[in-house]
Each structure stands twice: as structure tokens, then as C-alpha cells.
Amino acid sequence: MTLYNNTRLLQALKRQPVDVPPVWLMRQAGRYLPEYRSLRTKAGDFLTLCQTPQLATEVTLQPLRRFDLDAAILFSDILTIPHAMGLGLSFQEGEGPQFERHIETMRDVKALPILEVEEDLNYVLDAVYMIQEELRGSVPLIGFAGSPWTVACYMIEGGSHKNFINARKMAYQAPEVLTALLEKLTIATIAYLKGQILAGVNVVMLFDTWGGLLTPEYYQSFSLVYMQKIIARLKADASTANTPIILFSKGAAVNLEAMADSGVDALGVDWSIDLSSARKRVGAKVCLQGNLDPALLFSTPEKIRVAVKSLLNEWGAHPGLIVNLGHGIEQHTPLENVQALIAAVHEGRG
Ligand code: 1CP
């Protein structure tokens, strides 16, 4: 068993006391880093970065060389599953993801193949082995997948959309098609996360970025139930049961209590609610992760320090806090401000 030099994240996830709270940033490897942009240009496109384990490893490590982060996150994407199912994914420079084919009917859903993770997504597993070899226990590695609902949004729309109206329409017009798709994605996601855990990730995170587009009732029936199935299966399997799970549903704070009952170890929270109110609602049942506004990183190091201190002081001495942004870091974020955020967290309260 690997001995970790930095156990803050794993301790916080168990709601054990830590010297100072752990901090990492969603999308910490990405376009705000000049070394990422340069490697992406060399690689030609984003998918090549994901599919070449050496490059995915390098990109994963880039932010850790610059900043004193308490975790690494696997460089990959939530859309690797529909890509492996044959929908024909591409990313054009400066644009979002685009699929050649999208899902509209039951026939489309039935035609989707059952994933063989070890074959279809072997490049992700190889990246995990390689990253762990480089990290050598310095910090834990977070693996991830999209929630079935969030991945379905892209598959139905055929790419990104400002409010994923076609996926939301399907919930009313053809719920049986949406349900069949979500069930297929749930099975694939369980196998995918299990594969990542067996390959060596230390924590897994479910990104439900578009859960907040659903009504509370539909959030329950089209997003949360499938995440609950994934969590229950991972927790019931001896080979995956000890790996902590973080669940992040963006814009869905209204559903916090239900999320906390899902069996996860931690909940990601965005900046629409303050962390101490979130804690009052869910109690000590789960660890909380968040929730600074990514736009704060466009202010000054002084303002960032004040915001971090206020978050830490309001939280107090309770265990179970992971400092992060409430969503991914933005493209033109100044690097010295990222540095200031991390330093302020590691200074602790005061
Ligand atoms: O270079 C580029 O142009 C690609 C930009 C990029 C990056 C850096 C994409 C395309 N994906 C990623 C990496 C990525 N995606 C990670 C890596 C690990 C990290 O450093 O955090 C992770 C965890 C994701 C997850 C992801 N992909 C989510 C969930 C998290 C979130 O930000 O909400 C979503 C919604 C996606 C889809 C996706 N992939 C890429 C883009 C630009 C998008 C979003 C499209 C949209 O806004 O609809």
C-alpha cells in the first residue's frame, strides 16, 4: 500500500482533523496554464492529449509543478464514454465538444454498444498507472466520470448547449427513451469508475454539471437515482468500497439534503450557497467541497486572501472541508492569483 506524503485530502474526506484544509481546483490542468496551451498546440487537439497516456500524465502534473495543490486530478473528460460508444466526438479550438451523431430515439439508445472499459478506454487506465508512477505518493489522484444525466445532455444535444433544451424536452416527451439511455450510461459509469479505481485512483468524483437544469422532482428521478445506483454499487463491491466518492451537482443546492443521503463521502457545492449554511443543512454526514466563485480569481491577491479567510473562519474548526472553486477555473485566470488562493488556504484561519 502506498504511503502518502500528503494525506490532507484523504483525511478531510474521512472527516478527520487536518493541519490546514486541503485545496485543489476543478479544471486545474487546462487553458489558463501557458504550458498546457503549448502542449495542446503540439499535440494538435484535445482528444490526442486525452488519448496519449504520456501527454495526459504530463498535463495532469503541470499544475502540481507550479502550485502547492493537495490533489492531482486525472486529465481526461466526461465525454470519453460517449466517444467510446461511437458517437464521433471532436473538439474544435475555442469551441465546445461536438458529436457526429446524437441520440433521439429508442433505436439510437439500443444501438449503443456495451462498454468494455479495459479495451475501449484502456488509454485512461494507462494514464492512471503512469500518473501514479510519477506522483509516487506525493498527493492523492482523483479519478472521475460525468453523471449519467450530464453525459446524456451532450449525447442528446450532439454537443454543448446553453440550456440543453432537447435533453430536458425528452424528459417530458419521451421519458422511456431518456430512462433507457440513463440506465445504459449508469452501467458504463460503474464499470468505468471501477476500472479507474483498480488502476489506482485514490478518490472518484461524479460531475453532475447540468443537474441544476432539472426541477427538484426531475433531479431526483433523472439524475440523483442514477448517481445513487453508481454510489451503491461502488460501495457494495469490496474492491471499490474504500475509495471515497465526491458528488458535485452544479446549481442544485436546493437538493442538498437528498444528495447527502446518497451514500457519498463528500458534496461539491457552488457559490450560490455559503458553505456554513450548507453544513447546517447536511450536518456532519458528509464532507463539503467548494465553493469560491471562479470570477474571484480575476480580482487581486489581497481580495482573494480576504475571501479565503472569511470562508475558513465561517467554517470554523469542523473537520470535513475541502477548499475548491464552485466550478472550473476560467481560461484567462492570472497565475499569481491562483498562487494567492492556495497560499491563503494553507495559512489557515485567522
Ligand atoms: O483545450 C481545450 O480546449 C479543452 C478544454 C477542456 C479541458 C481542459 C475540455 C473540453 N475538457 C478538459 C479537461 C477536463 N474536463 C477535466 C480535467 C481535469 C481537471 O483538470 O479538472 C475534467 C474533470 C473535465 C470534466 C468535464 N468535461 C465536465 C464536468 C466539469 C465541469 O467543468 O463542469 C464537463 C461539463 C465537460 C465537458 C467539456 N469538455 C471540454 C469542454 C470545454 C467541456 C464543457 C463544454 C460545455 O461548457 O458545455
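Me: When is a charge said to sit over a ring, and which residues show this here?

Reply: A charge sits over a ring if NZ of Lys or CZ of Arg is within 6 Å of the ring centre and within 35 degrees of the ring normal. In this predicted model, the charged end of arginine 279 sits over the ring of tryptophan 315, at 5.2 Å from the ring centre, and this value fits the limit of 6 Å.

Me: How do you know that cysteine 153 is in no disulfide?

Reply: A disulfide is a covalent bond between the sulfur atoms of two cysteines. The sulfur atoms have to lie within 2.5 Å of each other to count, but the closest cysteine sulfur to that of cysteine 153 belongs to cysteine 50 and is 20 Å away, so it is too far for a bond. In agreement with this, a search of the whole structure finds zero disulfides.

Me: What makes cysteine 50 and cysteine 153 count as buried?

Reply: Buried means under 20% relative accessible area. Cysteine 50 has a relative accessible area of 2%, so it is buried, and cysteine 153, with a value of 0%, is therefore buried as well.

Me: How many aromatic pairs are there, and why is the pair of phenylalanine 46 and phenylalanine 91 called edge-to-face?

Reply: A search of the whole structure finds nine aromatic pairs. In one of them, phenylalanine 46 and phenylalanine 91 have ring centres 4.6 Å apart, which lies within the limit of 6.5 Å, and because their planes stand at 70 degrees, over the cut-off of 60, the pair is edge-to-face.

Me: What does this pair tie together in the chain?

Reply: Phenylalanine 46 lies in helix H3 (residues 46-51) and phenylalanine 91 in strand E2 (residues 89-91), so the pair ties together parts that are 45 residues apart in sequence. Phenylalanine 46 is buried, with a relative accessible area of 10%, and phenylalanine 91, at 15%, counts as buried too, because the cut-off is 20%. Both residues also belong to a cluster in which ring pairs link Tyr36, Phe46, Phe75 and Phe91.

Me: Why is the pair of phenylalanine 207 and phenylalanine 248 called edge-to-face?

Reply: The ring centres of phenylalanine 207 and phenylalanine 248 are 6.4 Å apart, which is within 6.5 Å, and their planes are at 85 degrees, which is over 60, so the pair is edge-to-face. It links distant parts of the chain, with phenylalanine 207 in strand E5 (residues 203-208) and phenylalanine 248 in strand E6 (residues 245-249), 41 residues apart.

Conventions: Residues are numbered from 1 along each chain as its sequence is written. This is a predicted model: local features need pLDDT of at least 70, side-chain atom pairs count only at pLDDT 80 or more; totals for chains, interfaces and linings use all residues. Side-chain values use heavy atoms; hydrogens and water are left out. Buried means under 20% relative accessible area, exposed over 50%, partly exposed in between (1.4 Å probe, protein chains only). Rings of Phe, Tyr and Trp (its six-membered ring) pair if their centres lie within 6.5 Å; planes under 30 degrees apart count as stacked, over 60 as edge-to-face and the rest as tilted. Helices (H or I, at least four residues) and strands (E, at least two) are DSSP runs, numbered from the N terminus.
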